[in-house]
Amino acid sequence: MRIDQFLWYVRIFKTRSLATIQCKKGLVKVNSIKVRPSFKISPTDRLEIRKNQFWHTFQVLDFPTHRVSAKMVGLYYNYLSGNDDLQTMKSIKLIPSPLRRKGAGRPTKKERRKIDSIIEN
């Protein structure tokens, strides 16, 4: 089975074209070798996939015949990455994103009116 097709079937990537792009970028490895989207995988292959700034490791168990539901993906691969990677990913999600400070960047409509009134006087 093709690697891009497998990654899409088992819901590692949302679309097959996204899986193809990741393979072309070199972010998918099979047995520590960067592969193209058309690479044929076999059961017991070890997949390393860079997703969300982390390398995830999977062991292929079997091939699905079509795209499977989220409940069924455990039949087709084992997730081998450690719990410390999962904890790191969860902690990164908890970090708040920076907010724009008032007055930084382009002024708002209200701020622009205030500036215009000061300039006119």
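**Sheet, core and helices of the predicted model**

Ile-115 is partly exposed, its relative accessible area being 41%, which places this residue between the 20% limit for buried and the 50% limit for exposed positions. The values reported here were computed from a predicted model. Ile-115 belongs to helix α4, which covers residues 109–120. Between Ile-115 and Ile-33 the sequence separation is 82 residues, and the corresponding C-alpha to C-alpha distance in space is 59 Å.

The strands are considered next. An open sheet is formed by five strands, arranged in the order β2-β1-β3-β4-β5 with antiparallel pairing. Because β2 (33–34) and β5 (77–79) stand at the edges and have a single partner strand each, one side of each of these two strands is left without a neighbour in the sheet. In general, the strands of a sheet pair through backbone hydrogen bonds, in either a parallel or an antiparallel manner.

Within this sheet, the antiparallel strands β1 and β3 are joined by three bridges. Val-28 has Ile-49 of β3 as its bridge partner, and Lys-29 stands opposite Glu-48 in the same pairing with β3. Strands β3 and β4, which also run antiparallel, are connected by six bridges; among the facing residues are Ile-49, whose bridge partner in β4 is His-56, and Leu-47, which stands opposite Phe-58 of β4. Ile-49 is thus matched with Val-28 and with His-56. The hairpin of β3 and β4 has two residues between the strands, and in this hairpin Asn-52 adopts a positive phi near 55°. Three bridges link β4 to β5, again in an antiparallel arrangement, with Tyr-77 of β5 as the bridge partner of Val-60. Strand β4 is mostly covered, six of its seven residues being buried.

Positive phi values also occur in two loops. Most residues other than glycine have a negative phi. Ser-32, although not a glycine, has a positive phi of about 65°, and this residue lies in the loop between β1 and β2. With a relative accessibility of 54%, Ser-32 counts as exposed because the value is over 50%. Thr-44, likewise not a glycine, has a positive phi of about 75° and is located in the loop between β2 and β3; at 61% relative accessibility, Thr-44 counts as exposed.

The largest nonpolar core comprises 20 residues, and those with the most contacts inside it are Ile-3, Phe-6, Leu-7, Ile-12, Leu-47 and Ile-49. At least two residues of this core are supplied by each of α1 (3–9), α2 (16–24), β1 (28–30), β3 (46–51) and β4 (54–60), and α1 gives the most, with three residues. Phe-6 has a relative accessibility of 0% and therefore counts as buried. When residues up to four places away in sequence are not counted, Phe-6 touches Met-1, Ile-41, Leu-47, Val-60, Asp-62, Phe-63, Pro-64, Tyr-76 and Tyr-77. Of these contacts, Leu-47 is also listed among the core residues with the most contacts, and Val-60 and Tyr-77 are bridge partners across β4 and β5.

Aromatic contacts were examined separately. Four aromatic pairs are present in the structure. In one of them, the rings of Phe-6 and Phe-63 have centres 6.2 Å apart and planes at 85°, so that the pair is edge-to-face. Since Phe-6 lies in helix α1 and Phe-63 in the loop between β4 and β5, this pair ties together parts that are 57 residues apart in sequence. Phe-6 is buried at 0% relative accessibility, whereas Phe-63 is partly exposed, with a relative accessible area of 24%. One aromatic cluster is formed by Phe-58, Tyr-77 and Tyr-79; within the sheet, Phe-58 is the β4 residue opposite Leu-47, while Tyr-77 in β5 is the bridge partner of Val-60.

Helix α3, spanning residues 83–94, lies across β4 and β5 and runs at about 140° to β4. The twelve residues of α3 reach 17 Å from the first C-alpha to the last, which is close to the 16 Å expected at 1.5 Å a residue. Helix α3 is hardly covered, since the count of buried residues among its twelve is one; β4, across which α3 lies, is by contrast mostly covered, with six of seven residues buried.

Conventions
Residues numbered from 1 in each chain as written. Predicted model: local features only at pLDDT ≥ 70, side-chain atom pairs only at ≥ 80, totals over all residues. Heavy atoms only, no water. Core = buried A, V, L, I, M, F, W, Y, C linked by side-chain atoms within 4.5 Å. Buried < 20%, exposed > 50% of the residue type's maximum accessible area, 1.4 Å probe, protein only. Helix = DSSP H or I, 4+ residues; strand = E, 2+ residues; numbered from the N terminus. Contact = heavy atoms within 4.5 Å. Pairing = 2+ DSSP bridges. Axes fitted to C-alpha atoms, helices over the stretch in contact; angles between N-to-C directions. Expected span 1.5 Å × (residues − 1). Phe/Tyr/Trp six-rings, centres within 6.5 Å; stacked < 30°, edge-to-face > 60°.
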